[in-house]
Every structure is written in structure tokens, then in C-alpha cells.
Amino acid sequence: MWWTTELLTQVEAGPEIEISRGSVPVARLSEIDDRNERAQAIRLLRIERAERATASAAEIRRWRLEGRS
């Protein structure tokens, strides 16, 4: 379907495309923009990381050896 590729190319180039059946709009295609969601997730991870206590080198060594015989 050549028109699918053409529609996707148009959506990538502009804000959105409205599709009509005759003069009645039936659908709207728009580019997915999840930058805000990703930025929020990064902010939350940074907050979580900042709230955690730091581990000493000795603690990390113990964790690595934990469970070894």
C-alpha cells in the first residue's frame, strides 16, 4: 500500500494529518512524542538514586562474595 508510506512520511514532516471520508473527518494521524514521559522517568530515577545511601567498597566486595563457597 503506497499510501501508507506516503502518510507516514507526511506525519513525520508535520504536526498531524486529518483523514476524511468525503467531507467528514474520521481519523487523525500524529507523530508519537514521548520525550516528556522519558524526561519524567529520568527525573524520578535521579530522585530515587539520590535518596539511596551510598555503599562503601567493602560492602560491595561483601555483596560480590555473598553466596560463594
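A residue counts as buried under 20% relative accessible area, as exposed over 50%, and as partly exposed in between. Keep that scale at hand for the exercises below, which all concern a predicted model.

**Exercise 1. Place Arg52 and its salt-bridge partner on the accessibility scale.**

Solution. Start with arginine 52: its relative accessibility is 56%. The cut-off for exposed is over 50%, so arginine 52 counts as exposed. Next, find the partner: arginine 52 forms a salt bridge with glutamate 48, and their closest N and O atoms are 3.0 Å apart. Finally, glutamate 48 has a relative accessible area of 38%, which makes glutamate 48 partly exposed.

**Exercise 2. Describe the order of the elements and decide whether the chain is a compact globule or more spread out.**

Solution. Begin by counting: the protein chain has three helices and two strands. Read from the N terminus, these elements follow the order α-β-β-α-α. Now turn to the radius of gyration, which is 25 Å, whereas the globule rule gives 11 Å for 69 residues. The value is well over the rule, so the chain is more spread out than a compact globule. For the extent along the principal axes, the C-alpha trace spans about 75 × 30 × 20 Å.

**Exercise 3. What share of the residues is buried, and what does the chain expose?**

Solution. Take burial to begin with: 4% of the 69 residues count as buried. Then take the surface: about 6900 Å² is exposed, and carbon and sulfur atoms supply 53% of that area. Helix H3 (residues 57-65) makes a good local check. Of its nine residues, the number buried is zero, so helix H3 lies largely in the open. Just after H3, look at glycine 67, which takes a positive phi of about 90°.

**Exercise 4. Work out how S1 and S2 are arranged.**

Solution. Look at direction and pairing: S1 and S2 run antiparallel and are joined by six bridges. Then follow the connection, where two residues lie between the strands of this hairpin. In the turn, glycine 22 has a positive phi of about 70°. To fix the register, note that glutamate 16 stands opposite serine 30 in S2.

**Exercise 5. Trace the salt bridges, beginning with the pair glutamate 18 and arginine 28.**

Solution. As background, side chains of opposite charge can pair when their charged atoms come close. The count for this model comes to four salt bridges. One of them brings together the side chains of glutamate 18 and arginine 28, at 3.3 Å from N to O. This pair links distant parts of the chain: glutamate 18 belongs to strand S1 (residues 16-21) and arginine 28 to strand S2 (residues 24-30), 10 residues apart.

Now add accessibility. Glutamate 18 is partly exposed at 45%, while arginine 28 is exposed at 52%. Widen the view, and Glu16 joins Glu18 and Arg28 in a network of salt bridges.

Move on to aspartate 34, which forms a salt bridge with arginine 38; the closest N and O atoms are 3.0 Å apart. Aspartate 34 is partly exposed, with a relative accessible area of 33%, and arginine 38 is partly exposed too, at 47%.

**Exercise 6. How far apart are the mean positions of the positive and negative charges?**

Solution. Count the charges: there are 12 positive and 12 negative ones. Then compare their mean positions, which are 12 Å apart.

Terms used: Residues are numbered from 1 along each chain as its sequence is written. This is a predicted model: local features need pLDDT of at least 70, side-chain atom pairs count only at pLDDT 80 or more; totals for chains, interfaces and linings use all residues. Side-chain values use heavy atoms; hydrogens and water are left out. Helices (H or I, at least four residues) and strands (E, at least two) are DSSP runs, numbered from the N terminus. The radius of gyration is taken over C-alpha atoms; the globule rule is 2.2 Å times the number of residues to the power 0.38. Buried means under 20% relative accessible area, exposed over 50%, partly exposed in between (1.4 Å probe, protein chains only). Accessible areas come from the Shrake-Rupley method with a 1.4 Å probe; for residues, only the protein chains shown count as cover. Lys and Arg count as positive and Asp and Glu as negative; His and the chain ends are not counted. The place of a charge is taken as NZ of Lys, CZ of Arg, CG of Asp or CD of Glu. Two strands pair if DSSP finds at least two bridges between them.
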